[in-house]
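Here's a quick briefing to read with the model open beside you. Have a look at the structure, then work through the points by topic.

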Amino acid sequence: RAQYVNRRGFELLGATELAGTGSFLDLVSPADRAAARHRFARVSSGRQARFNASLTRPDGSLLYVRISASPTSIASGGEQGNVPGVLTLVTDLTDQHRAEEALRQAEERFRVAAESASDLIYEWDPASGDMRWFGDLEHRVGYDEGPPASPFVAWSPRQKPEDPERVLRSVAASVATSETSLLQYRSIWLA
């Protein structure tokens, strides 16, 4: 049973009091409640717990939070002396959760678009050499052993002789000026 919730806690939870029994677990969404109960049981045995959960506010909206709970003792003010308790810190992660979900959806839309396009799309960091391919590389160009390490490994043997130097100069200029460049180069593919 909650003994104290600060003003910001009530604002965050969208409540003026804890409903029902006054247990914090009453606010934990049903999908996360069993795990939260297990974590709080660990705290009762003297260990700290830190975990993410979703809470259901009284208006039905979801709040995504990180819960940090530590065992403590509470002065009862009576003859009982100190009684065991749990100090709980709740950090709002709702905006972060929404941003991560929006990013996941955008990446999924991009993946579907890249797989549907007839073009090959790649992202290359010349400084690190890191390469990410998007789309159906295996079927488009016949790489059945996974994507090549860089576009130049993929294209060099198949480029028109005049293209590699021009493309490398353009990439170097883009890196030096931090400006985007649009490159077109030709490759020869034999079926």
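Leaving aside residues up to four places away in sequence, Ser 181 touches Ser 170 and Ser 174. This is a predicted model, so take what follows as a reading of computed coordinates. The notes start at this contact, move along the helix before it, and then go on to the core, the ring pair, the salt bridges and the overall layout.

**Ser 181 and its contacts**

- Ser 181 sits in the segment that comes after H6.
- Between Ser 181 and Ser 170 there are 7.2 Å from C-alpha to C-alpha, with the two residues 11 apart along the chain.
- Is Ser 181 buried, exposed or partly exposed? With a relative accessible area of 32%, Ser 181 is partly exposed.
- One of the residues that Ser 181 touches, Ser 174, is itself among the buried residues of H6.

**Helix H6**

- H6 covers residues 163-177, which makes 15 residues. From first C-alpha to last it reaches 21 Å, close to the 21 Å expected at 1.5 Å a residue.
- Which residues of H6 are buried? They are Asp 163, Val 167, Val 171 and Ser 174.
- Looking down the axis of H6, you'll find those buried residues within an arc of 60°, so they line one face of the helix.
- Glu 165, Arg 169 and Ala 176 are exposed, on the other side of H6.
- Just past the end of H6, Ser 178 has a positive phi, at about 60°.

**The nonpolar core**

- The largest nonpolar core is made of 17 residues. Phe 24, Val 28, Phe 40, Phe 51, Leu 55, Leu 63 and Ile 67 are the ones with the most contacts inside it.
- Which elements each supply at least two residues of this core? They are H1, helix H2 (30-44), strand S1 (49-56) and strand S2 (62-75).
- Leu 55 is a good place to zoom in: setting aside residues up to four places away in sequence, Leu 55 touches Leu 13, Phe 24, Leu 27, Val 28, Ser 29, Ser 61, Leu 62, Leu 63 and Val 65.
- Among those contacts of Leu 55 are Phe 24, Val 28 and Leu 63, which also appear in the list of core residues with the most contacts.

**The aromatic pair**

- How many aromatic pairs does the structure hold? There is 1.
- The pair is Phe 40 with Phe 51: ring centres are 5.9 Å apart and the planes meet at 85°, so the arrangement is edge-to-face.
- Phe 40 belongs to helix H2 and Phe 51 to strand S1, so this pair ties together parts that are 11 residues apart in sequence.
- Both rings come from buried residues, Phe 40 at 13% relative accessible area and Phe 51 at 8%. Each is under the 20% cut-off, which is why they count as buried.

**Salt bridges**

- Searching the whole structure turns up 5 salt bridges.
- In one of them, Glu 108 pairs with Arg 111, and their closest N and O atoms are 2.5 Å apart. The two are 3 residues apart in helix H3 (residues 94-116), so about one helical turn separates them.
- Both partners are partly exposed, Glu 108 at a relative accessible area of 34% and Arg 111 at 36%.
- Elsewhere, salt bridges with shared partners join Arg 7, Arg 8 and Glu 11 into one network.
- Within that network, Arg 7 and Glu 11 have their closest N and O atoms 3.3 Å apart. These two lie 4 residues apart in helix H1 (residues 7-13), about one turn of the helix.
- Glu 11 also bridges to Arg 8, with closest N and O atoms 3.8 Å apart. Here the separation is 3 residues in helix H1, again about one helical turn.
- How open is each member? Arg 7 is exposed at 67% relative accessible area, whereas Glu 11 is partly exposed at 44% and Arg 8 is partly exposed at 48%.

**Overall layout**

- The protein has 6 helices and 5 strands, and from the N terminus its elements run α-α-β-β-β-α-β-β-α-α-α.
- Of its 191 residues, 24% count as buried.
- Taking contacts between residues at least 6 apart in sequence, 36% join residues at least 24 apart.

Technical notes: Residues numbered from 1 in each chain as written. Predicted model: local features only at pLDDT ≥ 70, side-chain atom pairs only at ≥ 80, totals over all residues. Heavy atoms only, no water. Salt bridge = Lys/Arg side-chain N within 4 Å of Asp/Glu carboxyl O. Buried < 20%, exposed > 50% of the residue type's maximum accessible area, 1.4 Å probe, protein only. Core = buried A, V, L, I, M, F, W, Y, C linked by side-chain atoms within 4.5 Å. Contact = heavy atoms within 4.5 Å. Expected span 1.5 Å × (residues − 1). Arc of directions from axis to C-beta. Phe/Tyr/Trp six-rings, centres within 6.5 Å; stacked < 30°, edge-to-face > 60°.
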